[in-house]
Amino acid sequence: VTTLASALALLVALVVAGVLFGRRAHLLYRIVRLGKPTDRAGDAGRRARTEATVVLGQRKLLQRVVPGLVHALVFWGFVVLLPTILMALLGAVDEDWTLPWLGHQGWYLLLVDVFCVLVLVGVIAAFGIRKIQRPARFEGSHLREADLILGLIAVIVTTLLLWHASQIALGIAEWPAGWSPLSNAIATAMGDGAWLETGERVFVWLHVLTILSFLVYLPYSKHLHIGTAGINVWFGRTRSRGRLEPLDFEVEDEAALRLGSGTLVDMTWKQMLDTMSCTECGRCQDVCPAWATGKDLSPKLLIMGLRDRLFAEGPAVLDGREPTALVPAAVTDEVVWDCVTCGACVHECPVSIEHVDHIVDLRRHLVMAESRFPAEAGTMLRDVGRSSNPWGKPQSERAAWADGLGVRVLEPGDPAPEVLYWVGCAASFDERARASARATAKLLLHAGLDVGILGPRESCTGDPARRMGDEFTFQEQARRNVATLGGAGVTRIVTSCPHCFNTLGSEYTDFGGSYEVVHHTELLAELLADGRLEAPEGTDPITYHDSCYLARHNDVVAAPRAIVSRIGRPLEMARHGKRTFCCGAGGAHMWMEERGSAINEERAREAAATGAETLAVACPFCTMMLDDGVRQTGSGLRVADVAVLLAEAVVPASGD
Amino acid sequence: MTVLVYLEHADGAVDEPSLQAVTLARSLARAASVQAVSACGDSTQAPADGLGGHGVDVLHAAMHDAFATYAPRAIAETIAELAGRLGAAAVIGPGTERGNEVLAHVAALLDLPLAANCVSASGAEVTRIRWGGSLLEEARVDASPLLLTVQPHALAAQVGAQGTATVESFTPSLSEAALALRVVERAAAATGGVSLADAKVVVSGGRGAGSAEGFGPIEELAGLLDAAVGCSRAVTMAGWRPHTDQVGQTGTKIAPEIYIACGISGATQHMAGCKGAKRILAINADRDAPILQSADYAVIGDMHDVVPAISAALRAARP
């Protein structure tokens, strides 16, 4: 076979593969271009750091050590072995050709040998995980596709090794022989038979053709993530994870008004790219509280459902066909409403898919364009708008919890306090949650802070409405509260409720409200550290439950633990910190009926299993949910806010 | 133009929401013809009395055995057939649960949009109620015939028109599928007929009841007081009672003269459902239970002792 004939054959193979790959890639690109705009520009430094840690460093994958390492071996192998593709293409044309310089570097050839072995180890381990361990997270994934891909990787690496070995055996390549221990050993085993000449050609062509087949198969399979994940991670969110993208109701042209996602063309391009980045690993499904308690929602199946719809309908839509509704054909109503917006899936995802944003956009369309939502939540939506709190309580009773405590209720025109205590609806009206408000106020006054509350002028931040998809009601509440806070000259705010904390601190900036917002656990920990509050060391076993909107969405993990470890002996639950497990109230589920088994009971059992006597919380909704969960499961744990526990330690005489 | 109105009727009299639908039809039809259709098991049921005064020109009494009970699909096929025959420009029904169901079937049969719960209509422009009354939507419906239901009690049924309605009987040609959907059996709801939302007295149990069987004494007391039985969310979550019994923000909102809450701690979401109660009597073993903040009367004690004692006292006091 002449060099010219080989070159022609390779050219044909490259063109065929290139066309097949290019056509599909172009289609996918055009589909993504159908997406609505979302601002993902800027923050290049931060994006580069995320790319380095999450993609190159495999940080998210390594949250699970064994499967993380397995993937990292294959991924790093892929990176290291990339130049060998060029070497093989050259070698396929002429057995004497290789890359200039790099093809003759001993250290690189050693790396190739080492990574060939590591990738094979990775592939075998991956098969082991899939065939023997069979983790539940793969339920619903395309398993045979994964087998095929792993098989292709094994063939690619094996033929690479065999090709190198046969070249060494023939003595044709200028491999610095001492640098390739494995290839050398295989070469020795091959001997010097007459078949070697043909064998060398077969190995290199098999290698090249397998790579090209893999390339063509990629964009048709879930393994597309090789091409998309890096891009998706780059364009991931850079602002607070708890912040939702606001909708713009003030658009000039009514046709441009986007009310969430009704059909696929309402999705943003990032959301489309999300679906194309999913490789069905199921880490999201594994941590999802809805899935764990037998509900229909799996974040993985949600993204797969949207992707299937995108691929099925996208080409026709590009040809001008009208897209059809996403719910319930691609995603059922139940799935949309099962979500507690805890963000565990988003935190876990190795490729920066933003599941909660998908859910909220689907809800926005159902609520605002179709009035279709769990009927029992309707009262809450109305009460937030009409009564300024989600339970329809009279606003005049908002400060009733503070009677006799000496907290300053700010009247219009009063001087701004050092710290405004934003109590929140739950701690203002709910009997169980009020204990936390009273404890917090007492401690702040005890430490000598100038604290004020807005009383009847405080209004729901709109968080439950926003998480339900009622963006309109949320924005009305936001504008109203921003005006009130501005009028009161407030700059520093302490909140009891992590949802208020998230909304005031991370979301109101979009509506002109910028404040320094701290959670009461942060402020109390600070006062404790400064010695402005003094509490004796305690020894009672306490387990602390992280609120999703505090820990995962806003990184508040250390402050509540500092308090707990002062007043008791901390015991951690398996799921804690940023990998905490929701209490079941998020995403407006406080006002919805729960299907399947109860999330709060699951969490209450986990807390009881630590052997603690007290379950410390830092959120009024967690307080209600877990107190219910503890009663329902009968474990006898005491559920109390960190502030209540601290107040008992600091001022035992007035324990609330 | 001809407008066809679907009438719901019982015991020979047309229901008020249907008469309100006739009024809206009259305003839509101007001087032209308002015709009505009612589904009758036999000819004696045609509710013709006084219809002329409301402005109905012709009442088509649709006769079929299927109409002896409620048969939404069969009624819908009848309406669709008649509307086609009359060349009706609009078909209007009452926005009751059944009226909306029947018209939804008509919409599906004709593959046309339905504007439910309208409060006014002018040509193809309608105003309708959304979001449980917090929003009025102005919509334009491009369809022929125009399909509407009228929000009950949003407008008054008008009388005073001259004339009488002629009655024509009509035998629909129903498909087999239409006959498949029919009432097979009627069973009284577990509450024994007293509806939770309207009850003058409600006796509820919470987690303190301990089990489904723990509701025995509560049902007994409710029976003695002619009261409805309710429960808290914890109870429905535990599966002791159906969700229809749940009093709360996410369940039924009640407004009784007296609400007797047994073994209910009084979570905010529960209290939001019973804030319409004039008086609350709480029976609870825990003197720190939040419900005591809202209760007018309270008995601190185990509901398993207190509730049977009240029942016994009631029995003793009665002759």
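Buried area is the accessible area (1.4 Å probe) that two parts lose on being put together, summed over both. The views below come from a predicted model, in which local features need pLDDT of at least 70 and side-chain atom pairs count only at pLDDT 80 or more, while totals for chains, interfaces and linings use all residues. Residues are numbered from 1 along each chain as its sequence is written, chains are lettered from A and ligands numbered from 1 in the order in which they are written, and side-chain values use heavy atoms, with hydrogens and water left out.

**View 1. The interface of chain B and chain A buries about 2,200 Å².** Carbon and sulfur atoms give 48% of this area. On the side of chain B, Trp131(B), Gln249(B) and Thr268(B) lose the most area to chain A, together 31% of what that side buries. The contact (heavy atoms within 4.5 Å) takes 31 residues from chain A and 23 residues from chain B.

**View 2. Polar and charged pairs across the interface of chain B and chain A include two salt bridges.** A salt bridge is a side-chain nitrogen of Lys or Arg within 4 Å of a carboxyl oxygen of Asp or Glu. One of them joins Arg207(B) to Asp628(A), with 3.4 Å between the closest N and O atoms. The interface also has 16 residue pairs in polar contact, both residues at pLDDT 80 or more. A polar contact is a pair of N or O atoms within 3.5 Å; within protein, one must be able to donate a hydrogen and the other to accept it, and residues adjacent in sequence count only if both atoms are side-chain atoms. Two or more residues on the side of chain B that touches chain A come from each of α7 (233-237) and α8 (268-271) of chain B, where helices (H or I, at least four residues) and strands (E, at least two) are DSSP runs, numbered from the N terminus. The largest share, four residues, comes from α7(B).

**View 3. Glu458(A) lies in the loop between β3 (451-453) and α19 (463-468) of chain A.** Glu458(A) is buried, with a relative accessible area of 2%; buried means under 20% relative accessible area, exposed over 50%, partly exposed in between (1.4 Å probe, protein chains only). Its side chain reaches the backbone nitrogen of Val423(A) at 3.0 Å. A polar atom of the same side chain lies 2.7 Å from the backbone nitrogen of Gly424(A). Not counting residues up to four places away in sequence, Glu458(A) also touches other residues, among them Gln395(A), Arg398(A), Tyr421(A) and Ser428(A).

**View 4. Five strands of chain A form an open parallel sheet in the order β1-β3-β2-β4-β5.** Two strands pair if DSSP finds at least two bridges between them. The edge strands, β1 (408-409) and β5 (516-519) of chain A, each pair on one side only. Two bridges join β1(A) to β3(A), and Val409(A) has Ile453(A) of β3(A) as its bridge partner.

**View 5. Strand β14 (residues 258-262) of chain B is largely enclosed by the rest of the structure, because four of its five residues are buried.** Five bridges pair β14(B) in the parallel sense with strand β12 (residues 201-205) of chain B; here Cys262(B) is the bridge partner of Gly205(B). Strand β15 (residues 279-284) of chain B also runs parallel to β14(B), over five bridges, and Ile258(B) stands opposite Arg279(B).
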